[in-house]
Every structure is written in structure tokens, then in C-alpha cells.
Amino acid sequence: MNPAVLKLELMAYGIRPGEGLFQPLANPFGLVHLTLPEKLAVSIHLQERSPYSLHNRNNRFFLEKNGETIPVQWTPPLKAYEKKTSSGLAIKEILTVHGGLIAVHPKGPCRFGLSGLSCRYCGSTKALNEHPPFTKKDLVEAIEMVLEEKRCDFVNLSSGRVTSDDGGVEWLTPWVVELRKHLHILISLDLALPRSLEWIDKTYAIGVDALYYDLDFFNPDETRPATFQEQRDLHWKALEQAAKIFPAGAVLSHLVIGFEPLEETQKRIDLLIGKGVVPILVYFPPLDGSPLSSRWKITPQEIQGLYARLFEKLTQTGLNPHWVQQRDVILTPLEGRFLSDQPARYPLALQNFYETSLGRIVTLGLASLRRHLRVREVPAP
Amino acid sequence: MKVKIDTRPLPVVIASRWWRFPVYLLLGYGLYHFYQSPPPEGLSLEGFRALVVFLACLVLWVFHLLPLPITGLFSLIAPVLMGVMPAKQAFSFFGSEPVFFILGVFILAAALLKSGLSTRIALLLLRSAGHSPKRLLLQIMAASALLSFVMSEHAVAAMMFPLILVITRTLQFIPYGGSYGRLLFLAMAWGCIIGGIATMLGGGRVPLAVGMLQEAGQETITFLQWTSAVLPVVLITFLAGYLVLTRFYTIDVDSVANADDLITTKLRECGRPLLEEKFLALLVVGAIVGWTLWGNRFGMATISILVVVLLFMFRVVEWKDLEENVDWGIILMYGGAIGLSTILNSTGAGLWLVKTQVLPHLGSPWLLVSLLSLVSLLLTEALSNSAVVAILVPLGLSIAPTVGIDPKIIVYTVASAAGLGYALPISTPAMALAFSGGYFRIKDIVLPALLMDLISWLALMATARLWWPLLGIRI
Ligand code: SF4
């Protein structure tokens, strides 16, 4: 079976534990971590109605669907989640790890989380509001504990729900500064749209390596408020400016699939890539009980073309797909190669290099060097 | 400060930010290469290496590869590293008298600024222009020049700048929007520049040059000797400066009554002079008398440091005022430059250079003086004044004995010409400040500045020919 199709199906339908499978299978956020054929990582919800079941025979894991078996590897949940910081906070209340990315929500959930359309980066989205507040020191300790156990190249800080002009940068700045001071790691921010573009320059200057600006939906329909058009223009301007400032491929925008016609999503993929932005296709069912769940109908088969197109467009433009690190909760643009006929030799070789220790040193070194070169202080007008 | 991201292509950014590194490497290689090479005929090994160090510092100064003070420090260690002399000897050059003279002068200027006495004097000099724009212009130029007789010109410019800015605002000029606004800033800058060469207090250049002369074992130039030698140049250039300004730029206002009112109000705000101010005024006068009468006997530096001690004894200034207002870096630069000049002369490198490279092309003393002053005037447009002195005086001092002229003439010529840069913001802080007002651009000033360069050179030559012989200085 095509591993990319398998991954999409698992993300859509989840898995159920086969008989006799020991617990706990899933991490504290209810996600089971598997590595599929072709080394595709995926984190899957446990779902009673799923057509896929997970089995273990003689310590070999495999998936079963309609009698067909697929060998997979199961990765036990991170031990670090169960550890505590010196102030007594559990690590799982501070961060979630997805592939090479550590997701942190210092300010609580964002609009996705609150809408019930879990993007799964924070895992237990609904419970985010109830998490105890943590300090910067807690965060640094928590990340250090994770890094002792697992290599991660990115920390992603989410601005949460913001209405201020800066899009949340100002509030996050001390967090970024603290991380920079203690850790040698790339930092990305998930931000709301800033009202003035100079915030984007500031964001890069404080030490942020990659940036997410999301606009949940693209196509305005009659249910959207009148300000939507204005929001959308702002979105384009911000993305254009960010793409000028950040490294190629380091400006990203999530695209939620399944709520708009596919042609709209397709158009938006082209537009984003044309502006130097890497789209991240978000394909998961909304949380149970969410008002959005009745609208979510789209099947894995229908969306394969989108991923293929994303991969093809991206390789043509030379945007670096390495900045996409949350590879177990999405089908990454590079993984779209399994759905396309186009060869992926160069981006794959690059990706393999980045995965090495030398690759990590080079990436971090180049990122700081680039910042050193590009950031200038000029007298205020 | 505001953050800006340089979005030009990365190779362009790298070239613009790192172009210095290849030059450093090249310089380092050059030093190493010459360290290994034998000296040319007629030059000692030490002399050869001293010359190499001088050339390296020249490159550093001219291209601003390092801040001037750091090049000054480098010029002290480079001879040690190149094996020209032991560290003890090289560093001892830093402690020369002129360095301390300059230190004292800078502290005095800082005290004048801090106490408000200089502002009061400036306002007094600016007052009563009535309605006449021409008169106000002349007063600004004269006030800047006169204050630069007793304070370093950059301190005067720093003090005058905010005053001129409020005056332009009062007259409701918008930046780059009126010829008279431009005139006011230029009058301030040119006043400072011209006044700055009149005495040894107008900046570090003259003391630096005199220091080099002294360290070369020559008889020094006294305060009064300097002023009397250059006074005609000051008078001619001042007059010419005023005429050039008023001819080149139109006066596009009818009345400056508003500005006059403002000056009167500001003066009133200053209130009665405080006891500290009166004491400070007394000290300045005392210092000038001291330099004139006893400069030779006790040394200029001794008197200037004595004045500083008195300032603190009577608590006219606090140490923290000085920390903010004194240009400490320039003192480091001077120390290094004087040291380098001494090394060049004591190792015979200067003499060799002149004999082999310069003299064959330069026979007459007059030719030397005219060339040195011209080169100095032109260089100072693009380089800082002190850098010009640091480069040209050591060379000039080496040439002087062979051409048969008094080395003092080199100092008079170079140090005065090096002060007269009229066009670019890099030449003096006064021009830099005038530019920062935003009332003119470089292209607006190229022609009048070139004309002033020519007039200054002619004035200097005429003074040398007609006036200096009366003072016993013969070329
Ligand atoms: S961005 Fe995703 S992970 Fe973060 S709060 Fe929103 S829904 Fe949760």
C-alpha cells in the first residue's frame, strides 16, 4: 500500500488496539506513535470505529485492515512526559513533541484549539485552558529533558488567541530570548496577523527562525464577516513581507482541508507557493462533539491530488521543505512525493543530510549567521 | 533605534558587511611578508619595519577599517610585534605631553558645556540681530568661530546645533525646504571649522602636530606663536566664508524677528550667571594667560591639567559629567599617532622615505609647503582632521631638514590646512551635525566647498609668504 495513502487514512480514521495489546500504547495526549513503511512517522488517535487495528506478534507490530497486514514500528511514548521540572510541573503540561518539533503554548490554546478543530500540535487541545501556568525556567528545563531523550530541531511557540496589533510577538519576545539564551535550537512562532509590517522585522531580529501565519479559510462565503476581505489582504501582505525576510521555506501557513471545495484549496496552495510560503495541509477530523464535525466529509482519496501538487510545486520553486518538522501529525510536503511521479532526489538528499548531526550543526550555524548578517539597527525616523 | 532586516541578496550583504576581513587578511599577510624581507638599501631593519607599520596604519586610518582610537592603539603594539622596539619603549610614547594637554582641553570644554556657560556666551553673541537675516547669519558664524577659539570645535557644534535647530523651527522652515535654513546650519559649521584653527584649543589637531614636533626633538610652538601665525588665515577664510555663503545661497526670508525674540527668551531663561560659571570663565581666561606666558616654562600640559585640578577643587564639574562629555577615544588615537610618528623618525625610516621617494621630485621648500597644504586640504575633506595630521606631519617632519626648512613650518601648514574641510560630514563633527539637521545635501555644497578650499589654500600661501616672515618664520 502506498505509505502516504496509508498515513492519510490513519490520520482520518485513527486505529483501534488489537486484542491483547498491552497499555499504555498512546502518549498522554491519546496519540499512538508509529513508523510506517518508507519511514513515514505518524501519530494516530485511538478510535473504536477505525478500520485499522494494531497488533503485536513476537514484538513485531503490524496494522491490519480487511485481512491485509502492514508491518510498522511502534515508538513508546516519551518518558520525559512523565518527568517534572524543579518547580514540580509535569512536562506533559508544558509541551508536546511532534517529530522534530516541540510545540509549546505559553498563553493557552489558539483559535483552532478553541474551535474544536484540533490541529493536534498540543494534543489535548481541549484541556489546554486548564493547564497550570508555567514559567520560562520551567519551559527551558522541560525542553532540556526532552532533548536528553530525543533529537528535536525546533521549538514552536504559539501566540494563543491574540487581538493586539503585534500579532503576539511582543508577549512572546521574552520567551524567545530565554530559549535563545539557554538552548541551541531553532525557534518558530505561530502568530496572529500583525497590523503593521515592521513587527515581522522585529520577529526575525529577536531570534525567530521560522514563522506561521494562518488564515483558517480562504474563500469568503456569505457566513463570513465583512472584515474578512480586509483580513485576507493583510494576510497576503504579512506573508509577502515575511517571505522577504525569513529564509526560503521558513514562512509557513496552515491550510485546513475539508471545509472548502478542493479547487479553492488548490488555488491557495499555488498562491502561497507563488509568494514564497510553504503551505502545510492540515487534515484531521475535528474533535468529537465539535460543531464542525458535521461539515467534515472529505476522504483521503479525494485529497491525494492536493499533496501531489504541493510536492511538485514546492520542488519547482526551491523552497526548502526542511522547516516543516511536525512530520507525525501531517503528511509533509516532501512526503507528497509518494503521490506524485516527479523524482525527489535532491530534496531527499538534502533532508537526509539535515537529519545527520553535522546537518544539525550546519542548519543552526547558518541560521545564526544569516541573522547576524541581515539584522541591522537603524536610527528611528 | 529601530530594527531593519537587510533583504538584499546574501552575497551583497556579505560583501557589504565583511569586506574588511579580506583587507585585514591582506594587511596581516603584508606585515608578515615584510617582516621576513630584508630592508632596502640604506635603511635599517628597524626603520624598514617601522615604515611597514606606518603604511599599515595609514591604510587602517584612510579606509576606516578600525575606529581611529583602535588604530591608535594598534600603532603602539605593531612596532613591538614587528620587533622594531621593546614594549616598554613603544608604550612610553603614549605618555607624551601633548596627550595630556589635549586631555585637559577636552575636560575644560566638557565643563563649559555642562555648566551652560558656553550656551550663555553663544546666546549673548547671537542676541540683537533685530530683523536682519544677514546679521543673524553673521552672528551665528562669528559666535561659532569665537567659541571655537576656546573650546574644541566639535563641542561648540554640539552646543550650537540645538540652538540653530530651534531657530529654524521658530522661523518655520521645514527640513530641506528653505535656503535660509540651510544657510544657518552652514554658517554654524563653517564658523566652527574656521574658528577651530585659530588657537590650540579648537581641537586636537594642533596639539597632535605640535606633539609630534616635540617628540622629534624640535623646539615647540607656543600658544601665542600658533595663534599669531594663523590669525590672517582665520580672518581671510572667515570673511570669504561669509561672502561665499551669502552669494551661493539666497536669503529667502525678510525678517528674523521671531528668532531674535526666541534668543532673548532663552537668554532670560538662563538667569543670572552662577558662581560656578563665573569661576569657570575666570579659569578659562587664566588658562589662556598661563599657556601664553608660562607654556614654555612649565609645559602646556602642566597648565591644562592644573586647570582641571582647580575645576575639581572648586567643584565646578563632577566626574560623571566628564565621562559623558569627553571624547576619550580621540585621546587614545593621539597617543598612538604621536608614538608612531616618533618611531618613524627615530628609526630613520621617515628620512629614508623622503630621500629616496620624495626628494628626487621635490626640490624647493616652497614647492613642499604648497604641496603639503594642498594635499592636506584635499585629504581633510575625505578623512578626519586628526587622521590627516597623523599621516602628513610625520612625513613632513622627515622632509623638513633635507629640504632645509624649519620643521615648525610643517606643523603650521599641515595642522591649519587639516582643519579646513568644508564639504563632507566625515571631515569634522561640525559638518556631520550640520548635515544631520536635514537642511542640505552633499550636492548642494560641493561647489562652494571647493571654492573655499581654493581660497583657504591661497590664504595660507599668502600668509606664509607675507606674514610669517614678519614673525621670524622663514621658508
Ligand atoms: S495551534 Fe494547534 S496545538 Fe496549538 S492550540 Fe491551536 S489547535 Fe492546539
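Good morning. The lining of the largest pocket divides into 16 nonpolar, 13 polar and 12 charged residues. Here Ala, Val, Leu, Ile, Met, Phe, Trp, Tyr, Cys and Pro count as nonpolar, Asp, Glu, Lys and Arg as charged, and the others, Gly among them, as polar.

This is a predicted model, in which local features need pLDDT of at least 70 and side-chain atom pairs count only at pLDDT 80 or more, while totals for chains, interfaces and linings use all residues. Residues are numbered from 1 along each chain as its sequence is written, chains are lettered from A, and side-chain values use heavy atoms, without hydrogens and water.

The pocket, then. A pocket is an open set of points on a 1 Å grid over the protein atoms alone, where a 1.4 Å probe fits, with protein on both sides within 12 Å along at least five of seven lines; lining residues have an atom within 4 Å of a point. Of its 41 lining residues, Lys39(A), Ala41(A), Gly99(A), Arg327(A) and Glu355(A) lie nearest the centre.

Next, the interior. The largest nonpolar core (buried Ala, Val, Leu, Ile, Met, Phe, Trp, Tyr and Cys residues joined through side-chain atoms within 4.5 Å) has 167 residues. Trp291(B), one of those with the most contacts inside it, touches residues including Phe101(B), Leu201(B) and Met300(B), where contact means heavy atoms within 4.5 Å. Another core, of 113 residues, lies apart and includes Ala26(A) and Val146(A).

Finally, is Thr363(A) buried or exposed? Thr363(A) is buried (under 20% relative accessible area with a 1.4 Å probe, protein chains only; exposed is over 50%), at 10%. Thr363(A) touches Leu186(A), His322(A) and Tyr354(A), leaving aside residues up to four places away in sequence.
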